[in-house]
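Reader: I am new to this structure and would like to learn how to read its features one at a time. Could you take me through them slowly?

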Amino acid sequence: MIPWNDIETKWRAKWSQSKEFEIEPDSRTKKFITVAYPYPNSPQHIGHGRTYTLADVHARFLRMNGYNTLFPMGFHYTGTPILGMAKRVQEGDKELIENFEKLYHVPPDTIKEFVEPVKIADYFHEEIKQGMIEMGYSIDWRREFTTIDPVYKKFIEWQFRKLKSLNFVVQGSHPVGWCPKDQNPVSQHDTLGDVEPDFTEYILVKFHLDDVIIPTATLRPETIFGVTNLWINPNIKYKKIKVDNETWIVSPECAYKLEFLNKSITVISEVSGSELVGKTVSILDKKVPMFPASFVESQTGTGIVMSVPAHAPFDYQALVDYQKQNSSTIQPIPIIKTEGFGEIPAKEIVEKMGITNQDDPRLDEATNEVYSKEFYSGVLRENTGKFAGLKVSEAKDTIKAWLAESKNSDILLELNDGPIRCRCGAECVVKLLNNQWFLNYLDQAWKDKTNQCFEKMSILPNEIRTEFNYVVGWLRQRACARQHGLGTNLPWDQNWIVESLSDSVIYMAYYILAKYVNSRELKADSLSDEFFEFVFYGNGDAKQTAAKCGVQENVLQKIRTDFAYFYPVDARHSGRDLVPNHLTFFVLNHVAIFPEALWPKQIVVNGSVLMDGKKMSKSMGNIIPLRKAIQDYGADPIRLAIIISAELLQDADFNLESVNTIKGKLEAIYEDCVRHKPGMPAKLQSEDNWILGRLDHLIIQTTGAVEKMRLREALHHILFSFESDLQWYLKRVEVKRRTDVSGILHKILAVRVAMLSPFAPHLAEEMWERLGNSGVVSRSAWPVPSNSTDSSSIQSEELLQSTIEDIKNVLKVTKITPQKIVLYTADPWKVKAFGKIAASVVAGQTNIGAIIKDLIANPETENIKKDPDFVKKSVNSILAEPEEMRKIRAELEPINETAVLSSELSALVKKEFGVDMQVFTESDTAKYDPKNKARMARPFKPALYIE
RNA sequence: GCGGGAGUCGCCAAGCCCGGUCAACGGCGUAAGGUUCAGAUCCUUAUCUCCUAGGAGUUCGUGGGUUCAAAUCCCACCUCCCGCACCA
């Protein structure tokens with residue numbers, strides 16, 4: 001057993017002692033690797049570990065390749081969820097407090113402090129940081145910060161003044177879910193039952209009753225042409241109110257809602273619904289009556305409904321109900337033609353479903369069906385005037401605009417799935433916030449520049465690139481400030497706090513400053529915009545800026561030099577959920593604020609982590625906290641298990657079996673590390689050359705994979721793919737009773753351990769030490785191929801392997817117990833012909849006929865006439881080989897098969913099958929060949945006889 | 001609806017960009033054998049079907065097509081997953 005935790009502690013201490021990851025500018029090329037910083041509202045779990053692990057592997061790999069690689073980390077305190085949590089703690093929320101105690105193991109005394117939001121953030125900040133340290137991430141902790149640090153706030157203020165000066169910040173109105181009691185916007189975390197406060201925009205169609213306006217709320221303004229009457233609930237006490245300069249009649253609930261939508265409301269009087277029934281209202285050139293209906297609800301819309309019986313099942317049924325008791329000549333007016341429906345869709349569907357009264361709940365279903373069919377495939381009929389022929393999906397917006405223009409409509413915003421309650425208990429409403437600040441991501445020049453940056457960037461995996469392009473095209477204005485939460489106040493309007501996805505877009509630049517903040521050489525006190533202009537752009541005079549900002553001049557210069565050295569960002573890692581927001585904003589803001597030379601170079605996106613194939617969630621109880629997992633399984637096995645289970649964009653399935661498999665694999669390599677000593681044998685034999693060639697191959701494959709961040713593939717090469725090669729080598733060595741291969745095995749191990757070290761850094765250090773190396777493997781060079789490839793060794797080892805395979809195959813099929821094995825190698829003319837065939841194939845000629853013609857034309861190979869099938873078989877066997885091997889076959893002198901087989905294979909055959917073996921050439925007159933097999937011989941495919 | 005992604009041999013999952021190395025990596029599971037007093041671990045072998053000579057057949061969501069050759073390229077269809085905002 002490997003004492004994982006001891007080894008990890010030991011090496012972490014060493015790294016920390018030698019300040020291994022504290023990176024300063026030097027003469028080498030730099031790389032700046034960043035990851036989206038965490039939001040500290042809970043401990044991190046295995047899933048969070050994935051992105052950070054990928055970034056860490058990336059950073060460590062680059063470091064071994066000679067790059068001076070900085071990997072920093074910060075903590076994102078900005079936002080509202082923590083605020084909501086603090087409030088819930090204050091209220092004594094059982095569920096939350098239990099989560100803290102049982103799930104997160106937060107000490108009770110600490111939980112008490114959680115009424116203060118910052119304490120929550122601070123606690124989980126430390127928790128997450130410890131986890132990152134324990135995972136062995138090669139982070140330069142001197143550059144740590146939180147987004148509520150005073151200097152950070154100055155930085156964000158600068159960023160926003162900058163954006164504003166570039167006209168990227170604009171003001172407008174914006175609807176939000178709102179708690180009237182708290183006077184605050186509500187998001188999902190602020191509502192009882194964590195309901196997302198979604199809302200819908202209704203069109204208020206204004207009917208006129210003399211000089212009073214009767215507004216009706218609808219989602220289908222186009223149906224105005226089919227209106228036959230209004231529905232009024234006689235039992236509702238409506239309010240007559242003054243709305244700005246007009247007089248409206250609406251339900252009391254509606255009157256209340258309107259107040260939050262920028263309207264000034266004064267109640268004039270009450271009007272009973274029954275008083276309104278029977279009166280006639282007008283709109284455009286229409287006059288319609290108001291009829292009573294029980295389905296009309298006071299709390300929905302205005303409490304008055306526009307009736308379109310041809311297309312609205314509710315209206316149709318209410319009309320039928322009304323006409324049972326009253327005489328009325330009103331008929332539905334069809335205004336939409338839809339394939340699959342007849343004249344009056346509402347009638348059809350109501351009758352089909354067997355609905356007989358307006359309180360039937362199935363009317364909702366009926367409404368949905370008519371609505372969606374008509375929306376996507378309906379066309380307006382002739383009786384809709386200038387809109388005739390328009391598709392409903394287009395007509396909706398056109399008519400909406402037309403009504404608004406002619407002052408026949410207004411807007412009502414209403415919460416979906418209401419009532420939604422705030423945690424304080426009050427019922428939420430929709431509020432139209434005035435003077436909301438937006439980042440104008442609509443700006444075309446801005447978008448163009450962003451696209452330019454994306455074009456030049458490396459996006460891994462590249463499949464995700466189209467998604468970025470789509471997002472950039474689709475982005476509109478984005479609210480960039482809120483009225484509560486932790487964060488930085490808008491510099492020009494203290495009522496607003498910069499929203500969390502807007503204060504996290506260029507903070508990678510702040511890592512450079514953070515080091516000096518932490519060393520107290522940089523203080524917020526008198527920091528002004530000149531400071532940032534100097535550091536980021538080199539603008540201004542150092543002496544003056546230093547004096548003005550209260551910074552030592554040499555410190556200021558150093559910060560500027562550091563920034564110029566480390567920027568731009570070379571890679572940004574994140575989960576794919578941040579593609580449509582943070583990652584895109586990150587690029588947008590960089591191109592807005594920084595010159596092209598400082599634009600980011602690469603984005604690496606990864607999928608999420610599943611637990612035993614299922615999504616991790618609190619309710620399923622399958623969340624494994626990262627630190628717990630480290631204690632139980634060790635950091636390295638977890639790192640490997642996360643990486644090996646899926647390629648970048650796939651969801652990685654984490655399960656205990658894979659962790660154990662990995663552990664086993666690592667343990668085997670670890671044990672091997674004490675067995676071998678350095679020192680090459682005096683003379684390399686065929687199998688030595690071969691295995692060293694395979695080792696080169698391994699290095700090339702692995703390096704290529706890591707460069708593309710195909711880490712699963714890379715790990716596979718290191719841990720598994722090489723295994724079968726190694727087994728073959730060991731078998732060969734054993735059969736030959738060699739004792740001089742320790743050095744070769746040592747070299748192989750050293751290469752594998754070095755390549756393993758970005759993935760499993762702690763254990764790799766331990767292995768490296770066991771191998772007798774001085775110094776840390778983290779600082780060693782990434783292995784490079786030694787070009788020891790010797791193609792004749794490759795050919796002869798391949799020959800031996802495939803011959804053994806053939807023998808096994810025959811034995812398996814015939815089920816005979818061998819007494820004697822005889823091999824026959826191909827005649828020289830076949831070898832010649834085979835070489836030519838290989839050359840043709842490599843050149844792209846696989847047409848059998850053409851190849852045969854060619855061969856016959858040459859006296860050396862004209863024998864082919866006797867055995868044309870030889871060509872087909874050869875072509876196939878060459879095609880069945882890897883490309884490099886085909887080249888070798890075509891270009892290189894063939895080996896002497898008879899010699900190789902007799903000298904090397906006998907012992908292997910003896911060991912494998914326990915019998916003696918003889919080798920003849922095909923045309924040897926003295927050969928033993930009772931079954932006439934020899935003629936089947938082909939190059940690299942000796943004929944075979946077993947008895 | 002718009003946009004993105006995926007359907008592979010029991011399960012997970014590579015391969016598809018760059019067509020032959022693909023009956024298709026690897027892991028898990030299953031089976032047999034070895035180690036063990038026994039079990040767990042570990043190691044070896046096998047794991048689409050057929051086969052007494054190294055072979056053949058049928059497979060990679062479905063149906064077509066291109067090609068000497070297709071899991072891989074093209075067309076159509078079916079099914080599933082994710083995002084669509086002011087929230088980290």
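**Pockets, a strand and a cavity**

Author: The largest share of the lining of the second largest pocket, 4 residues, comes from α12. This is a predicted model, in which local features need pLDDT of at least 70 and side-chain atom pairs count only at pLDDT 80 or more, while totals for chains, interfaces and linings use all residues. Residues are numbered from 1 along each chain as its sequence is written, chains are lettered from A and ligands numbered from 1 in the order in which they are written, and side-chain values use heavy atoms, with hydrogens and water left out.

Reader: How much space lies in the second largest pocket, and which residues are the closest to its centre?

Author: On a 1 Å grid over the protein atoms alone, a pocket is an open set of points with protein on both sides within 12 Å along at least five of seven lines, a cavity is a set where a 1.4 Å probe fits but cannot get out, and lining residues have an atom within 4 Å of a point. Grid points are joined across faces, edges and corners, and a volume is the space filled by probe spheres set on the points. Here the second largest pocket holds about 990 Å³ of space; of the 32 residues that line this pocket, Phe 295, Thr 300, Val 305, Phe 314 and Thr 367 are the closest to its centre.

Reader: Which elements each supply at least two residues of that lining?

Author: Helices (H or I, at least four residues) and strands (E, at least two) are DSSP runs, numbered from the N terminus. For this pocket the elements are β5 (199-209), β6 (212-218), β13 (304-307), α10 (313-325) and α12 (362-377). The lining divides into 13 nonpolar, 12 polar and 7 charged residues, where Ala, Val, Leu, Ile, Met, Phe, Trp, Tyr, Cys and Pro count as nonpolar, Asp, Glu, Lys and Arg as charged, and the others, Gly among them, as polar.

Reader: How many residues surround RNA strand B, and which are the closest?

Author: A residue is near a strand if one of its heavy atoms lies within 4 Å of it. RNA strand B is surrounded by 52 residues, with Tyr 39, Arg 482, Ser 500, Arg 710 and Asp 806 the closest. Phosphate oxygens of the strand lie 2.2 Å from a side-chain N or O atom of Ser 500 and 2.3 Å from one of Arg 710, whereas a polar side-chain atom of Asp 806 lies 2.5 Å from a base nitrogen. Of the strand's atoms within 4 Å of the protein, 62% belong to sugar or phosphate and the rest to bases. The largest share of the surface near the strand, 5 residues, comes from α28, and that surface divides into 21 nonpolar, 16 polar and 15 charged residues.

Reader: How many cavities of 30 Å³ or more does the structure hold?

Author: The structure holds 5 such cavities, and about 50 Å³ of space lies in the largest cavity. Among the residues that line the largest cavity are Arg 50, Ile 642 and Leu 711, and the lining divides into 7 nonpolar, no polar and 3 charged residues.

Reader: Is His 484 buried or exposed?

Author: Buried means under 20% relative accessible area, exposed over 50%, and partly exposed in between (1.4 Å probe, protein chains only). His 484 is buried because its relative accessible area is 14%, and this residue lies in the loop between β20 (481-482) and β21 (489-490).

Methods: Polar contact = N/O pair within 3.5 Å; in protein donor to acceptor, adjacent residues only side chain to side chain.
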